[in-house]
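Here's a quick briefing to read with the structure open beside you. Take a look at the picture below, then work through the points at your own pace.

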Amino acid sequence: MKYVGIIGAGTMGIGIAQVAATNGCKVLVYDANPKQAETATLGLEKTLIKLVDKQKISADKMTEILSNISIATELKDFKECELIIEAIIENKEIKTKVFTELESHVSESCIIGSNTSSISITSLGAELKNPERFIGIHFFNPAPIMPLVEVIPSLLTEKSLADKIYHLMKEWGKTPVIAKDIPGFIVNRIARPYYGEALRIVEENIATPEQVDDAMKTYGNFKMGPFELMDLIGIDVNFSVTTTVYKDYFYDPKYKPSLLQQRMSEAKLHGRKTGKGFYDYSEGAEKPVPQKDEVLYDDIFHRILSMLINEAVEAKRLGIASDEDLDLAMQKGVNYPKGLLQWGKEIGYDLVTEVLENLYDEYQEDRYRQSPLLRRM
Ligand SMILES: NC(=O)c1ccc[n+]([C@@H]2O[C@H](COP(=O)([O-])OP(=O)(O)OC[C@H]3O[C@@H](n4cnc5c(N)ncnc54)[C@H](O)[C@@H]3O)[C@@H](O)[C@H]2O)c1
């Protein structure tokens, strides 16, 4: 695959362009905002200069990458492309409009991929003239650094296409996994309780954000606690993914969003990007020191981890991906220290069941129901 097109030169688009160009593809980048494509490529140049300074890549490699990337001024320019990856705004109508125009310019054999995080691949593909050529190719942020790529065929995708993209991603040095087209795919579905349960613990004044973060980092070896991570992702973005997953699962109470998160989002306390979220990022602000409490920490850790393991076991039961890929995805997409199925084995599924039973007894809520497979395991 030599000629690749990228639509959308935002955070993800330029990152994916960098990956493709690093692997010898000729990459065309298009953005509806003409200035954005230029700003993004200039930004990429700065990033590459830093990599050269740190001796992570050679100056020749930098020149090669940059010379592989050109800016397209209209979708017509994509006519020679063999693969196009769309990474524009997360809006089904706008994406569909772009695909419709794109199909009128490209060849029949051109593969069209979408980097959507939360829109059903089948619903996007069904709007195409040729839905067989369409597939989800979901990179993680930052795309050049995070190894995981979820490859998501729709119900209408041509059978061999997922394998083809899987192998291409391997060639690009990525860790691909094939996932079913379900809300949140693998990572964004399984990871929901990491945020949801943490938010509930804070909403109910059981612990402070810094205590929850400290518990998950010290007991679980997670690189970032849930609140630090939400502040990084953007509280608005994280809230919107949760809301989409909740709606798309026909309002399954397991995925019910948090009111606290909604209020934070309304207040534009979006995290790092607005300077304030669960933590204050303004100059001179000091991070609160958590009040350590071993019993509390142990409870928090087991509660959140058990919810995550239950979600992974349910994904296994539904065959969303292979066991190996389910574990790989959480490690390579969101840096979890271990795969959740493996973690379940290590701490014992009995313990996971016991924690969930206690929560269910206490709350009497369907949110804490166990996967039927967890009970069998
Ligand atoms: N940011 C993440 O962490 C992340 C991770 C994985 C997937 N995604 C998905 O990737 C996609 C892009 O996300 P992002 O964070 O890069 O967004 P972004 O806002 O940084 O960039 C989107 C770009 O698309 C451009 N655009 C909007 N409408 C367009 C159109 N009609 N034609 C061409 N360009 C258009 C915008 O000008 C903007 O530059 C979304 O579908 C998102 O769900 C995001």
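Which of the 23 residues around the ligand come nearest? They are M12, D31, E90, K95 and N115. Keep in mind as you go that this is a predicted model.

**Around the ligand**

- Sort the shell residues by character and you get 10 nonpolar, 10 polar and 3 charged.
- Three elements, α1 (11-22), α4 (92-103) and β6 (134-139), each give at least two residues to the shell around the ligand.
- Which element supplies the largest share of that shell? That's α4, with 3 residues.

**Polar partners of the ligand**

- M12, one of the nearest residues, has a polar backbone atom 2.8 Å from an oxygen atom of the ligand.
- N115 is also on the list of nearest residues, but here the partner is an N or O atom in the side chain, 3.0 Å from a ligand oxygen.
- N141 joins in through its side chain too: an N or O atom there sits 3.2 Å from an oxygen atom of the ligand.
- On its own, the ligand has 830 Å² of accessible area, and the protein covers 73% of that.

**Two backbone oddities**

- As a bit of background, most residues other than glycine have a negative phi, and most peptide bonds are trans.
- N141 turns up again here, since the peptide bond from N141 to P142 is cis, with omega near -5 degrees.
- If you want to find P142, look in the loop between β6 and β7 (148-153).
- Q55 isn't a glycine, yet its phi is positive, near 60 degrees.
- You'll spot Q55 in the loop that links α2 (34-53) and α3 (59-68).

**A pair of helices**

- Now find helix α13 (residues 294-317) and helix α15 (residues 340-347), whose axes come within 9 Å of each other.
- How are these two helices arranged? Their axes cross at roughly 120 degrees, so α13 and α15 count as oblique to each other.
- As for the handedness of the α13 and α15 crossing, it's left-handed.

Conventions: Residues are numbered from 1 along each chain as its sequence is written. This is a predicted model: local features need pLDDT of at least 70, side-chain atom pairs count only at pLDDT 80 or more; totals for chains, interfaces and linings use all residues. Side-chain values use heavy atoms; hydrogens and water are left out. A residue is near a molecule or strand if one of its heavy atoms lies within 4 Å of it. A polar contact is a pair of N or O atoms within 3.5 Å; within protein, one must be able to donate a hydrogen and the other to accept it, and residues adjacent in sequence count only if both atoms are side-chain atoms. Accessible areas come from the Shrake-Rupley method with a 1.4 Å probe; for residues, only the protein chains shown count as cover. Helices (H or I, at least four residues) and strands (E, at least two) are DSSP runs, numbered from the N terminus. Ala, Val, Leu, Ile, Met, Phe, Trp, Tyr, Cys and Pro count as nonpolar, Asp, Glu, Lys and Arg as charged, and the others, Gly among them, as polar. Axes are lines fitted to C-alpha atoms, for helices over the stretch in contact, and angles run from 0 to 180 degrees between N-to-C directions. Angles under 35 degrees count as roughly parallel, over 145 as roughly antiparallel, 65 to 115 as roughly perpendicular and the rest as oblique. A crossing is left-handed if the near helix is turned anticlockwise from the far one by less than a right angle, and right-handed if clockwise.
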